[in-house]
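Dear colleague,

Please find the structure below, handed over for your own work. A summary of what was found in it follows.

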Amino acid sequence: MSRSPNTSNHITLLQAGVALALSTATLLGGCVVAPPPPPPPQRVYAPPPPPPPPPPAYQAYQAPAGEGEVQATEAPPPLPDYDQPPVPAEGYLWTPGYWAWGGGGYYWVPGTWVQPPSVGLLWTPGYWGFVGGVYAFNAGYWGPHVGFYGGVNYGFGYGGVGFAGGRWVGGSFAYNQAVANVNVTIIHNTYHETVVNNVTVNRVSFNGGAGGIHAVATPQERAFAQERHVAATPEQRQHIQEAARNPGLAARANGGHPAIAATPRPGAFNGPGVVGAHGAAARPGGAPPAGARPNANNARPQPGKQQQPGKQQQQQRPKPQKEQGHHEPENR
């Protein structure tokens, strides 16, 4: 049987098409088609953590009896008259004595020399202020400057405003010999600067109210109140607790003249260096109170110069303060 040329051509084209299809299938069979990439993860905004709070202007603490939020309905007694014991060693700062409240009455916390919590800090004494019909105690604190302490003349550099008993010079504390009781054979970092108190010399121990000191904080003292403060040291707190447990320091027992008016170190209520107030009874054991009557503003007399009791040095005679209206004290 014979084929026509057209039939032959058709068969050839059909075979070529089949071959091309097989070749394409072979090529496609060797390829792997990758799946589409996954979508990128959704970005979630995480705000940065808030900044830490600023340090408080005053670092409060849970204080023992006689400190912190303490109130009394009666005024504290006048400050006793006593000498300052000598500096026990370099680096100790003076903290004046004061009347604290506890056990239903006032008791005396003796003045003492204390090591500050760090270099460069000064002690602002606590004080009683008449506020809202009661006497409230404003606790003392350590800070770079001496702030308001009610205008109370605690003596020994604390004449009612600021502190004149010494100053920090670099990393060392220099003592003012005109005010501080310094043994220069032991303490060598000293200077001499006459102190003139521009406040009335008296023994009033509180601010405001009838018979109190009428003083208000200066703008500079209000600025100092905003600085970072440090609470009393553990040694100071122990000193207060020891005073609270000593029945002889109660005002009702000593009549305002404690036999332990000042100590050389915190809590050292017995042994050498303890100073009694002028007019105090003998301490237990028959030992008479140490120290003679100091001058009126507790400035230390110059060595070699005999000073009559009750007289103050001429160059340190305070100027009378003008009578001011009543002002409520600032709470610290």
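To begin with one pairing, G111 has A262 in β14 as its bridge partner. Strand β5 (residues 111-114) runs parallel to β14, and 2 bridges join them. Strands here are DSSP runs of E with at least two residues, numbered from the N terminus, and two strands pair if DSSP finds at least two bridges between them.

Please note that this is a predicted model, in which local features need pLDDT of at least 70 and side-chain atom pairs count only at pLDDT 80 or more, while totals for chains, interfaces and linings use all residues. Residues are numbered from 1 along each chain as its sequence is written, and side-chain values use heavy atoms, with hydrogens and water left out.

The open sheet has 3 strands in the order β2-β5-β14, with mixed pairing. Because β2 (93-95) and β14 (262-263) each have a single partner strand, they stand at the edges, and one side of each lacks a neighbour in the sheet.

A hairpin is formed by β3 and β4, with 2 residues between the strands; in it, G103 takes a positive phi near 65 degrees. Strand β3 (residues 98-102) runs antiparallel to β4 (residues 105-109), joined by 5 bridges. W101 is partnered by Y106 of β4. Of the 5 residues in β3, 4 are buried (under 20% relative accessible area, 1.4 Å probe, protein chains only; exposed is over 50%, partly exposed in between).

As to confidence, the protein chain averages a pLDDT (the predictor's confidence in each residue, from 0 to 100) of 78, and 65% of the residues score at least 70. Over residues 285-332 the pLDDT is below 50. Where pLDDT is low, the predicted coordinates should not be read in detail.

Kind regards

Methods. Contact means heavy atoms within 4.5 Å.
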